[in-house]
Amino acid sequence: QVQLVESGGGLVQAGGSLRLSCAASGSIFWLYAMGWYRQAPGKLRDLVATITAGGSTNYADSVKGRFTISRDNAKNTVYLQMNSLKPEDTAVYYCTADLQLSRLRDSPSYWGQGTQVTVSS
């Protein structure tokens, strides 16, 4: 069982930056692929970024070049650095975890409670 707790959301002006953090419980965090999803009002939940246990990353086209996912296995924490934020980035952001990357990309086993990010124009 893995518990995920996100932090770092908030209100920021367009062009600004935020860093989301996700603290995970459990002693085998380093084995898990981690990801960030987001859901805007009235829209489907979208996969934003993933990072494998080995550190390989992948991003949605909409955030490439602006967002960076990283992990610190010593702290059981995954981060999402968000730069050059746009109003369309406004959403609830969810941290996710799964032992299998393929499942993480489709239907992750573990979800955090979500953190709101609002970008004003």
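**Exercise 1. Count the salt bridges in this predicted model, then work out what the one between Asp89 and Arg38 connects.**

*Solution.* Start with the total: the structure holds four salt bridges.

Step 1. Look at the side chains of Asp89 and Arg38, which meet in one of these bridges with an N to O distance of 2.9 Å.

Step 2. Place the partners. Arg38 belongs to strand 4 and Asp89 to the loop between strand 8 and strand 9, so the bridge ties together parts that are 51 residues apart in sequence.

Step 3. Check the burial of the pair: both Asp89 and Arg38 are buried.

**Exercise 2. Find which residue Arg66 pairs with in a salt bridge, and say which residues share one network.**

*Solution.* Let us begin at the arginine.

Step 1. The side chain of Arg66 meets that of Asp89 in a salt bridge, at 2.7 Å from N to O.

Step 2. Arg66 sits in the loop between strand 6 (57-59) and strand 7, while Asp89 is in the loop between strand 8 and strand 9, so this pair ties together parts that are 23 residues apart in sequence.

Step 3. Now apply the cut-off for buried, which is under 20% relative accessible area. Arg66 has 11% and is buried; Asp89 has 1% and is buried as well.

Step 4. Turn to another bridge, between the side chains of Asp98 and Arg103 (2.9 Å, N to O). Here Asp98 is buried, with a relative accessible area of 0%, whereas Arg103 is partly exposed at 35%.

Step 5. Finally, follow the shared partners: Arg38, Arg66 and Asp89 are joined by their salt bridges into one network.

**Exercise 3. Describe the largest nonpolar core: which members touch the most others, and which elements supply it?**

*Solution.* A general point helps to set the scene. In soluble globular proteins, nonpolar side chains tend to be buried together.

Step 1. The largest nonpolar core has 30 residues, and the members that touch the most others are Leu4, Met34, Trp36, Leu80, Met82 and Tyr93.

Step 2. Two or more residues each come from strand 3 (18-24), strand 4 (33-39), strand 5 (46-51), strand 7 (67-72), strand 8 (77-82), strand 9 (91-98) and strand 11 (115-120).

Step 3. Zoom in on Met82. Neighbours within four places in sequence aside, Met82 is in contact with Gly16, Ser17, Leu18, Leu20, Arg66, Phe67, Tyr93 and Val117. Among these contacts is Arg66, the residue that forms a salt bridge with Asp89.

**Exercise 4. Compare the settings of Leu99 and Leu101.**

*Solution.* Take the two leucines in turn.

Step 1. Leu99 is placed in the loop between strand 9 and helix 1. Its relative accessibility is 48%, so Leu99 counts as partly exposed.

Step 2. Together with Ile28, Trp30 and Leu31, Leu99 forms a nonpolar surface patch with about 380 Å² of accessible area.

Step 3. Leu101 belongs to helix 1 (residues 101-104). Leu101 is partly exposed too, with a relative accessible area of 25%.

Step 4. Leaving out neighbours within four places in sequence, the contacts of Leu101 are Ala33, Thr50 and Thr52. By contrast, the C-alpha atoms of Leu101 and Leu20 are separated by 21 Å, with their positions 81 residues apart along the chain.

**Exercise 5. Locate Asn76 and Ser84, and decide whether each is buried or partly exposed.**

*Solution.* Both residues have a backbone angle worth a look.

Step 1. Asn76 has a phi near 50°, a positive value in a residue other than glycine; Ser84 also has a phi near 50°.

Step 2. The loop between strand 7 and strand 8 holds Asn76, and the loop between strand 8 and strand 9 holds Ser84.

Step 3. Asn76 has 19% relative accessibility and so counts as buried, while Ser84, at 42%, counts as partly exposed.

**Exercise 6. Sum up the fold and test the chain against the rule for a compact globule.**

*Solution.* Now step back to the whole chain.

Step 1. The secondary structure consists of one helix and eleven strands, in the order β-β-β-β-β-β-β-β-β-α-β-β.

Step 2. For 121 residues, a compact globule would have a radius of gyration near 14 Å; the chain has 13 Å, which agrees. Its C-alpha atoms fill a box of roughly 40 × 25 × 25 Å along the principal axes.

Step 3. Of the 121 residues, 45% count as buried. Among contacts between residues at least 6 apart in sequence, 57% join residues at least 24 apart.

Technical notes: Residues are numbered from 1 along each chain as its sequence is written. This is a predicted model: local features need pLDDT of at least 70, side-chain atom pairs count only at pLDDT 80 or more; totals for chains, interfaces and linings use all residues. Side-chain values use heavy atoms; hydrogens and water are left out. A nonpolar core is a set of buried Ala, Val, Leu, Ile, Met, Phe, Trp, Tyr and Cys residues joined through side-chain atoms within 4.5 Å. Buried means under 20% relative accessible area, exposed over 50%, partly exposed in between (1.4 Å probe, protein chains only). Helices (H or I, at least four residues) and strands (E, at least two) are DSSP runs, numbered from the N terminus. Contact means heavy atoms within 4.5 Å. Patches are made of residues with over 30% relative accessible area and no salt bridge: like charges are joined within 9 Å, nonpolar side chains (Val, Leu, Ile, Met, Phe, Trp, Tyr) within 5 Å. Accessible areas come from the Shrake-Rupley method with a 1.4 Å probe; for residues, only the protein chains shown count as cover. The radius of gyration is taken over C-alpha atoms; the globule rule is 2.2 Å times the number of residues to the power 0.38.
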